[in-house]
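Student: Could we go through this structure together? I keep running into labels and would like to see where they come from.

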Amino acid sequence: MIQQTRHRIGVGNDELAAVVATPTTGSPQRMVMMLHGGPGGQKDGPADLYVDLAAHLGAAGIASVRFDFRGCGESTGSYRNMTIARQVEDLRAVRSFVDGRYQPTAWALIGESFGATVGLAGFDPAYRAVVLLWPAIWLLDGAFESYVSEDNLSAARRDGYVDLDGEQIGVAFLDELQDVQDVSSPLRGLSTPVLLVHGEADGEVPFGQSVRAADLVSGPHKVVGVPDGDHCLEEPQERDIVYRETVTWLREYL
């Protein structure tokens, strides 16, 4: 069983909606930061990924926090202003709040899709363990390649944004994509244990990104490829793999 507490966390002129899930017994000494993907997305994750993970982790005595980035879900702000750097600010605001309120002694990171992008961009070497779920690491390899087409760039520079995947994507993010291109740097020679779970038939972020990422890590690492699995691994039997592998990894290393 877990206890879930809702919080509003200030960042700039906005507020982030967050949920901290803690085991009903003991203090939340071990805490997991869970970052949702995008464009858009929301704190519970695709098909309640993080709601279910919070319950599984809580049963193992591990606390977690999930939140809506600015412009998403129940948080304030405009998604049109979204950039990787801005979402890293959100991540750090939540981390600071949880550190002050709950005082965990150990942190781990879970990022799914673009949430993994943000987690790596704002990586903290103090994380005891990392779980990357279908991560977008090389951003112009499948995931956001179509975003920076000439038509999209022209429209965004004319109007300040372009409608993509149901969201207004600002020109600042498109420019950032071309500048950043990949967020693999923290993985190079990393000694922190890293688990990667990815559908082998992912049509949005190629499975090869996880294989390539694992080759960079010097510490304990594991790639779990799910045969025929697409992005987000939403089939029940696929989610069973995600939950089992994630909890097992964090129980061992966090």
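Tutor: Sure, let's take the labels one at a time. This is a predicted model, so local features need pLDDT of at least 70 and side-chain atom pairs count only at pLDDT 80 or more, while totals for chains, interfaces and linings use all residues. Residues are numbered from 1 along each chain as its sequence is written, and side-chain values use heavy atoms, with hydrogens and water left out.

Student: Why is the contact between Arg-6 and Glu-74 called a salt bridge?

Tutor: The term needs a side-chain nitrogen of Lys or Arg within 4 Å of a carboxyl oxygen of Asp or Glu. Here the N to O distance is 3.3 Å, so the pair of Arg-6 and Glu-74 passes. Using that rule, the count is 13 salt bridges.

Student: What makes this pair a tie between separate parts?

Tutor: Look at where the two ends sit: Arg-6 is in strand E1 (residues 2-11), and Glu-74 is in the loop between strand E4 (63-67) and helix H2 (84-102), so parts 68 residues apart in sequence are tied together. As for the labels, helices (H or I, at least four residues) and strands (E, at least two) are DSSP runs, numbered from the N terminus.

Student: Are Arg-6 and Glu-74 buried or exposed, and how do you know?

Tutor: Buried means under 20% relative accessible area, exposed means over 50%, and partly exposed is in between (1.4 Å probe, protein chains only). Arg-6 has 59%, so Arg-6 is exposed. Glu-74 has 45%, so Glu-74 is partly exposed.

Student: What makes Asp-68 and Lys-43 a salt bridge?

Tutor: Their N to O distance is 2.7 Å, so the pair of Asp-68 and Lys-43 meets the rule. This pair also links distant parts of the chain, with Asp-68 in the loop between E4 and H2 and Lys-43 in the loop between strand E3 (30-35) and helix H1 (49-59), 25 residues apart. Both Asp-68 and Lys-43 are buried.

Student: And how do you know that Arg-70 and Asp-90 form one?

Tutor: Their closest N and O atoms are 2.6 Å apart, so Arg-70 and Asp-90 qualify. Arg-70 is in the loop between E4 and H2 and Asp-90 is in helix H2, 20 residues apart. Arg-70 and Asp-90 are buried. There is a network too: salt bridges with shared partners join Arg-6, Lys-43, Asp-68 and Glu-74.

Student: Let's move on to rings. Why is the pair of Phe-114 and Phe-173 called edge-to-face?

Tutor: Rings of Phe, Tyr and Trp (its six-membered ring) pair if their centres lie within 6.5 Å; planes under 30 degrees apart count as stacked, over 60 as edge-to-face and the rest as tilted. The centres of Phe-114 and Phe-173 are 5.7 Å apart and the planes are at 80°, so edge-to-face is the right name. Phe-114 is in helix H3 (residues 114-121) and Phe-173 in helix H5 (residues 171-180), 59 residues apart. Both Phe-114 and Phe-173 are buried.

Student: What makes Phe-123 and Tyr-127 tilted instead?

Tutor: Their ring centres are 5.6 Å apart, and the planes make an angle of 55°, so the pair is tilted. Phe-123 has 15% relative accessibility, so Phe-123 is buried. Tyr-127, at 3%, is therefore buried as well. A search of the whole structure gives 7 aromatic pairs, and one aromatic cluster is made of Phe-114, Phe-144, Tyr-147 and Phe-173.

Student: How do you know that Gly-100 is exposed?

Tutor: Gly-100 has 54% relative accessibility, so Gly-100 counts as exposed. Gly-100 lies in helix H2.

Student: And what makes Val-20 buried?

Tutor: The relative accessible area of Val-20 is 1%, so Val-20 is buried. Val-20 belongs to strand E2 (residues 14-23).

Student: What about the backbone: what is notable in the phi of Gln-103?

Tutor: Gln-103 is not a glycine, yet its phi is positive, about 50°. Gln-103 sits in the loop between H2 and strand E5 (106-112). With a relative accessible area of 61%, Gln-103 is exposed.

Student: Which residues does the cis peptide bond join?

Tutor: Gly-38 and Pro-39 are joined by a cis peptide bond, with omega about 10°. Pro-39 is in the loop between E3 and H1.
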